[in-house]
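Here's a protein model to explore together. Have a look at the picture, and then we'll go through it piece by piece.

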Amino acid sequence: MRCIIEGNGVKVFGRAVHALSRIGDEIWLEPLQKGLAVRSVNTAHSAYACFLFSPLFFKHYTSNLDELEENKSVLPLFRSVATIERSVYRCEISINVLNNRVMFQFNCKHGKLAPHEPAFLNFRAALLKL
């Protein structure tokens with residue numbers, strides 16, 4: 001999966017992740033044909049939220065997998081929404097299943113690239129281990 005968010009879309013995506021962080025400590029990225037689903041459930045499984053970003057939201061969107069990716073370490077990247085709004089003009093998200101990596105690359109207004117590659121957990125594989 002690979003998608004590129006530009007301009008005000010970075011702000012909207014950051015606010016969505018920030019809102020999900022109020023529900024639970026983990027988010028799931030699910031690339032679908034109809035867009036990218038970003039979900040969260042609280043620890044008691046009594047609250048659930050989902051944002052579905054259609055392919056038209058992204059400058060570029062390709063989905064070639066049907067995996068649900070759990071990621072705790074993405075939340076700190078988007079906790080400071082005000083900083084992202086001021087300094088980031090482009091965000092590229094890609095998932096590499098072979099290396100168990102999700103990559104968030106922020107292109108900042110001052111010419112800096114800020115790549116973040118937190119490890120992720122394949123949710124279906126984790127369920128099979130239980």
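## Starting in the middle: V38

Let's begin with one residue and see who its neighbours are. Leaving aside residues up to four places away in sequence, V38 touches F13, L20, I27, W28, L29, A49, C50, F51 and F53. Keep in mind that this is a predicted model, and everything below is computed from it.

V38 also belongs to the largest nonpolar core, which has 25 residues. Within that core, V38 is one of four residues that touch the most other members, along with F13, L36 and I93. Which elements give two or more residues to this core? They are β1 (2-6), α1 (8-23), β2 (27-32), β3, β4, β7 (88-96) and β8 (101-108). The top contributor is α1, which gives five residues. As background, nonpolar side chains tend to be buried together in soluble globular proteins.

## The overall layout

Now let's zoom out. The protein chain has three helices and ten strands. If you walk along the sequence, you meet them in the pattern β-α-β-β-β-β-β-α-β-β-β-β-α.

The chain is 130 residues long, and 45% of those residues count as buried. Its accessible surface comes to about 7,300 Å², with 54% of that belonging to carbon and sulfur atoms. What about contacts between residues at least 6 apart in sequence: what share of them joins residues at least 24 apart? That share is 55%.

## A strand covered on both sides

β2 is worth a closer look. Six of its six residues are buried. In a regular strand, side chains alternate between the two faces of the sheet. Here, I27, L29 and P31 sit on one side of β2, while W28, E30 and L32 sit on the other, and all of them are buried.

Who is β2's partner? β2 and β3 form a hairpin, with two residues between them. The two strands run antiparallel and are joined by five bridges. Across the pair, P31 stands opposite L36 in β3, and L36 is one of the best-connected core residues we met above, among those that touch the most other members.

## An odd angle at H45

Moving on along the chain, we reach the loop between β3 (35-41) and β4 (48-53), which is where H45 lies. Most residues other than glycine have a negative phi. H45 isn't a glycine, yet its phi is positive, at about 60°. Is H45 buried or exposed? It counts as exposed, because its relative accessibility is 64%.

## A cluster of rings

Back to the aromatics. There are six aromatic pairs in the model. To describe a pair of aromatic rings, you give the distance of the centres and the angle of the planes. F53 and F57 make a tilted pair, at 4.8 Å centre to centre with 40° between the planes. F53 also pairs with F58: the centres are 6.5 Å apart and the planes are at 65°, so this pair is edge-to-face.

How covered are these rings' residues? F53 counts as buried, at 7% relative accessibility, and F58 is buried too. F57 is partly exposed, with a relative accessible area of 26%. Ring pairs link F13, F51, F53, F57, F58 and Y61 into a cluster. Among these, F13, F51 and F53 are also on V38's contact list.

## Cysteines without a bond

How many disulfides does the model have? The count is zero. Take C3: the closest cysteine sulfur to its own is in C91, but at 7.2 Å that is too far for a bond. C3 counts as buried, with 0% relative accessibility. C50, another of V38's contacts, is partly exposed, with a relative accessible area of 34%.

## One last stop: E85

Finally, find helix α2 (residues 81-87), the home of E85. Not counting residues up to four places away in sequence, E85 touches K11, R15 and K109. E85 and V12 are 73 residues apart in sequence, but 9.2 Å apart in space, C-alpha to C-alpha. With a relative accessible area of 28%, E85 is partly exposed.

Conventions
Residues are numbered from 1 along each chain as its sequence is written. This is a predicted model: local features need pLDDT of at least 70, side-chain atom pairs count only at pLDDT 80 or more; totals for chains, interfaces and linings use all residues. Side-chain values use heavy atoms; hydrogens and water are left out. Helices (H or I, at least four residues) and strands (E, at least two) are DSSP runs, numbered from the N terminus. Buried means under 20% relative accessible area, exposed over 50%, partly exposed in between (1.4 Å probe, protein chains only). Contact means heavy atoms within 4.5 Å. Accessible areas come from the Shrake-Rupley method with a 1.4 Å probe; for residues, only the protein chains shown count as cover. A nonpolar core is a set of buried Ala, Val, Leu, Ile, Met, Phe, Trp, Tyr and Cys residues joined through side-chain atoms within 4.5 Å. Two strands pair if DSSP finds at least two bridges between them. A disulfide is a pair of cysteine sulfur atoms within 2.5 Å. Rings of Phe, Tyr and Trp (its six-membered ring) pair if their centres lie within 6.5 Å; planes under 30 degrees apart count as stacked, over 60 as edge-to-face and the rest as tilted.
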